[in-house]
Amino acid sequence: MSEITLVTAYFDIGRGLWKKQERDNNKYIEYFRFWARIKNRLIIYTTEEFREEIYEIRKSFGLEDRTKIIVINDFRDFDKEMYNKIKKTMNHELAKTFYFKHDIKRPEVWNWEYNYVVMLKFYCMLDVVKNKYAEGMLAWIDFGFNHGGNDGIINTSEFNFEWKYNFTNKIHLFTSKAIDDRPIFDIIKSLDVYIRGNIMIAPDFLWEKYFYLIKESMLSLLRCGLCDDDQTIELMAYKENPEIFETHITSSWIEGLVKFSEQDFQLKKQKKRNTNYKYYKYRSKVFISNGYYISGIIYYIKYLKTKFLNKKESDI
């Protein structure tokens, strides 16, 4: 089994103040603490404000020698030009008109710092490779992975293992559905998600290639007056060069770890639900608003049927 070095990051973008989407710094620290006993080598990018607390958490599990913390004074310094481009695009007076009104409160629609910060995972990975902080198989894992058990792994002690797996020498992405030929603009407009960006694995020599695919994907969106979070630009990067990727369809946000390790996890029971009804409703609105009433009605019927079946299953 190949050793895997984990990389993560945490930067405060004021999420504790987001109405109805509040997750303050303490919440994210607790999310991290839940999985921080994992025995892999771990590289963390953060600001001085959180350095000591993060270090003490790893030290409490006897993992200080397996931990490297890299302090960043200002996360905007990773790429100020990109930060300003994202900010300018998302602040345009027409930017939010691309979306349906009920979606404009989603952070990827209105918060340029959110879209910039979630993209920084690729800057961190590039920095690891260029400075040779680690070699071999490298995995990105979100600082808030598993959300303290809410995503399915309910026993924190089960992270007391070293994650190893013989991944092939490709970029491994975990998806919520099969990748198809649906246009990117339609995916952005509907705020749909294909790739689960909380875990990604690749050998060191592919992370630089991945970084430049990601950067060009974001720039191409910005040139069109559009922007989105990391999961859409990951999809665009895949479509640009699919030969260097290997995708795995998963049913939850934790399966990238759960299905690809030898550790036995006690998982929270979660009913599998068909979420296509959301897409059917979206397509119905698009067709009807453009005068294609028959197609709109067909999709609305699909929406009602699928939603009814979901409700029926949840009542059983």
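Let's start with Lys239, which is partly exposed, with a relative accessible area of 33%. This lysine is found in helix 8, which covers residues 230–240. Its C-alpha atom is separated by 8.9 Å from that of Ile179, although the two residues are 60 residues apart along the chain. Keep in mind as you read that this is a predicted model.

**Pairs of opposite charge**

Side chains of opposite charge can pair when their charged atoms come close. The structure holds 16 salt bridges, and here are three of them to look up:

| Salt bridge | N to O distance |
|---|---|
| Arg76 and Asp74 | 2.8 Å |
| Asp79 and Lys215 | 3.5 Å |
| Glu216 and Arg223 | 3.0 Å |

Take the pair of Asp79 and Lys215. Which parts of the chain does this pair tie together? Asp79 lies in the loop between strand 3 (67–71) and helix 3, while Lys215 lies in helix 7 (residues 204–223), so the pair ties together parts that are 136 residues apart in sequence. Asp79 is buried, because its relative accessible area of 11% falls under the 20% cut-off. Lys215, at 25% relative accessibility, counts as partly exposed.

In the bridge between Arg76 and Asp74, Arg76 is partly exposed at 28%, and Asp74 counts as partly exposed at 25%. For the remaining pair in the table, Glu216 is partly exposed with 40% relative accessibility, whereas Arg223 is exposed, with a relative accessible area of 59%. Elsewhere, salt bridges that share partners join Lys177, Arg182, Asp186 and Asp192 into one network.

**Empty space inside**

Rolling a probe the size of a water molecule over the atoms shows where empty space is left. How many cavities of 30 Å³ or more does a search of the whole structure find? There are two. The largest cavity holds about 70 Å³ of space, and its lining residues include Thr89, Met90, Tyr99 and Cys227. Helix 3 (80–90) and helix 4 (107–110) are the elements that give two or more residues to this lining. By type, the lining of the largest cavity has six nonpolar, two polar and two charged residues.

The second largest cavity holds about 50 Å³. Among the residues that line this cavity are Arg106, Leu191, Asp192 and Asp228. Its lining divides into two nonpolar, two polar and five charged residues.

**A nonpolar patch on the surface**

Finally, look at the outside: Ile288, Tyr293, Ile297 and Ile301 make a nonpolar surface patch of about 390 Å². Helix 11 (residues 293–315) gives the most to this patch, with three residues. Ile301 lies in helix 11 and is partly exposed, with a relative accessible area of 41%.

Notes. Residues numbered from 1 in each chain as written. Predicted model: local features only at pLDDT ≥ 70, side-chain atom pairs only at ≥ 80, totals over all residues. Heavy atoms only, no water. Patch = residues over 30% accessible without salt bridge, like charges linked within 9 Å, V, L, I, M, F, W, Y side chains within 5 Å. Areas by Shrake-Rupley, 256 points an atom, 1.4 Å probe, with all protein chains shown as cover. Salt bridge = Lys/Arg side-chain N within 4 Å of Asp/Glu carboxyl O. Helix = DSSP H or I, 4+ residues; strand = E, 2+ residues; numbered from the N terminus. Buried < 20%, exposed > 50% of the residue type's maximum accessible area, 1.4 Å probe, protein only. 1 Å grid on protein atoms, 1.4 Å probe; cavity = no way out; pocket = protein on both sides within 12 Å on 5 of 7 lines; lining within 4 Å. Points joined across faces, edges and corners; volume = space filled by probe spheres on them. Nonpolar A, V, L, I, M, F, W, Y, C, P; charged D, E, K, R; others polar.
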